[in-house]
Amino acid sequence: MTARKTQRLSASRPRDLAEAARLLREGGLVAFPTETVYGLGAHALEPLAVRAIFAAKGRPSHNPLIVHVAEPARAQALVTEWPASAQTLADAFWPGPLTLVLPKTSDVPDEVTAGGPTVALRCPSHPVARELIERVGAPIAAPSANKSEHVSPTTAAHVLADLDGRIDAVLDGGQSGLGIESTVVWLSEGQWRVLRPGSVTQQQLHDVLGVAPRPDLAQSNVSASSGQGTGAERMPPAAHASPGLMKRHYAPAGTVRLLDAATLARESDHLMKTQGSLGVLLCGEEVPVPSGAHGMRLPRDPAGYARGLYAALRDLEELGCAAIAIQAVPEDPSWAAIADRLQRAAG
Ligand code: TXA
Ligand code: MG
């Protein structure tokens, strides 16, 4: 990877927005805000630009990228199938934190899809993201703008902490409002499945589509990880078989433990002694910060918790905590996306 001088651009300055768009048009790498997390963008139809994303992040080449469009209608040009269910979901949730996985056209480079037959598409709702994509005049491929397997960034400062000197610019648009990544959904005529939980819940998708998700075939003898056509029926990938969903992910440095409130209170002394230093991430007001530990507290509501989660994990890491104990969140479908990220952070 060649070193790059990373420009700090501000989304509130029209000149800076124009510069970010110019860099992307010319094949550069620009991190930009979305309503979920910051993305690391490149021109999606330029294979070399897309390849540079993988180099800057240290991302394995088998992990495909999400392609972002400025207007819902632009997504259809990138796929060979647009089932009625895709239109229903786009009408209900776009622009917004939902990603649809569909068969790609030959216009979408293999670099974007890691050689796979499907492409993940999203129309973000963040006005800066949409304005930027509009100005580039092309779809933008963008994973979260963190080093591979690290915590996703929700501010421009987080992006710089991971990628300064590795990308051409970061466009600062303030804090990402939702705080966790989009819901990724695989779909085909009459069938669908969540590959990665996110702000849009499975129940919301079910309500809008009116059909239940296709049951997980992961345990059966169906080899379906690519979602590729095999014979007459195109089989869905197994739930959580999204190539990027390796177990340890979204993770700060150090030992991360996910504990219920009682276990956390009981074991914090032991963790502190054996690991040297301890950070705790608490949910709501019920558990006191163990003495001697660095404490972070997030609200006991899923939206507020999600908004602060990644910043809190980065803060605990910055404080040099050798171990981080995270209080488990409620077991309710409205917390599913957060529980998923916490499990991955804890490996
Ligand atoms: O909210 C988000 O989705 C953010 C913002 C920047 O849009 N992006 C994001 O990208 O989280 P990334 O690359 O960190 O995660 C994309 C996920 C990965 O788990 C990847 O494996 C999966 O989507 N994915 C991408 N293309 C896919 C495909 N064709 N089939 C199945 N999964 C796919
Ligand atoms: Mg990511």
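Okay, a definition to kick off: when I say helix or strand, I mean a DSSP run, with at least four residues for a helix and at least two for a strand, numbered from the N terminus. On that basis Gln191 sits in strand β10, residues 191-196. And before I go further, this is a predicted model.

Let me stay with Gln191 for a second. Is Gln191 buried or exposed? Its relative accessible area comes out at 14%, and the cut-off for buried is under 20%, so Gln191 counts as buried. What does its side chain do in there? The Gln191 side chain makes a polar contact with the side chain of Arg214, at 2.4 Å.

Right, on to helix packing. I've got two pairs for you.

Pair one is α1, residues 14-25, with α5, residues 127-136. Their axes are 9 Å apart, and the packing angle is about 55°. That angle is why α1 is called oblique to α5. As for handedness, α1 and α5 make a right-handed crossing. Who's actually touching? From α1 you have Pro14, Leu17, Ala18, Ala20, Ala21, Leu24 and Arg25, and from α5 there's Glu131, Leu132, Arg135 and Val136. Sort the residues of that contact by type and you get 8 nonpolar, 3 charged and no polar.

Pair two is α3, residues 84-93, with α7, residues 202-209. Here the axes come within 10 Å, and the crossing angle is roughly 120°. So α3 is oblique to α7. The crossing of α3 and α7 is right-handed. On the α3 side the contact uses Ser85, Thr88, Leu89, Ala92 and Phe93, and they meet Gln204, Leu205, Val208 and Leu209 of α7. The split for α3 with α7 is 6 nonpolar, 3 polar and no charged.

Next, two helices that I want to look at in terms of what covers them.

Take α6, residues 156-163. How many of its residues are buried? It's 6 of 8, so α6 is mostly covered, given that buried means under 20% relative accessible area. The buried ones are Ala156, His158, Val159, Leu160, Asp162 and Leu163, and yes, His158 and Asp162 are on that list. What do they pack against? Strands β1 (7-10), β2 (30-32), β3 and β8 (169-172), plus helices α2 and α9. After α6 comes Gly165, with a positive phi near 85°.

Then α2, which covers residues 47-57. Its buried residues are Ala49, Val50, Ala52, Ile53, Phe54, Ala56 and Lys57. Note that Lys57 is in there too. The cover over these buried residues includes β3 (39-43), α4 (110-113), β7 (140-141) and our friend α6. Just after α2 there's Gly58, and its phi is positive as well, at about 70°.

Last stop is α9, residues 302-318, where we find Pro302. Pro302 has 24% relative accessibility, so it's partly exposed. Which residues does Pro302 touch, once you leave out anything up to four places away in sequence? Ser334, Trp335 and Ile338. In that stretch of sequence there's also Ala336: Pro302 and Ala336 are 34 residues apart in sequence, with a C-alpha to C-alpha distance of 9.1 Å.

That's my tour. Happy to pull up any of these spots on the screen.

Notes:
Residues are numbered from 1 along each chain as its sequence is written. Chains are lettered from A and ligands numbered from 1 in the order in which they are written. This is a predicted model: local features need pLDDT of at least 70, side-chain atom pairs count only at pLDDT 80 or more; totals for chains, interfaces and linings use all residues. Side-chain values use heavy atoms; hydrogens and water are left out. Axes are lines fitted to C-alpha atoms, for helices over the stretch in contact, and angles run from 0 to 180 degrees between N-to-C directions. Angles under 35 degrees count as roughly parallel, over 145 as roughly antiparallel, 65 to 115 as roughly perpendicular and the rest as oblique. A crossing is left-handed if the near helix is turned anticlockwise from the far one by less than a right angle, and right-handed if clockwise. Contact means heavy atoms within 4.5 Å. Ala, Val, Leu, Ile, Met, Phe, Trp, Tyr, Cys and Pro count as nonpolar, Asp, Glu, Lys and Arg as charged, and the others, Gly among them, as polar. Buried means under 20% relative accessible area, exposed over 50%, partly exposed in between (1.4 Å probe, protein chains only). A polar contact is a pair of N or O atoms within 3.5 Å; within protein, one must be able to donate a hydrogen and the other to accept it, and residues adjacent in sequence count only if both atoms are side-chain atoms.
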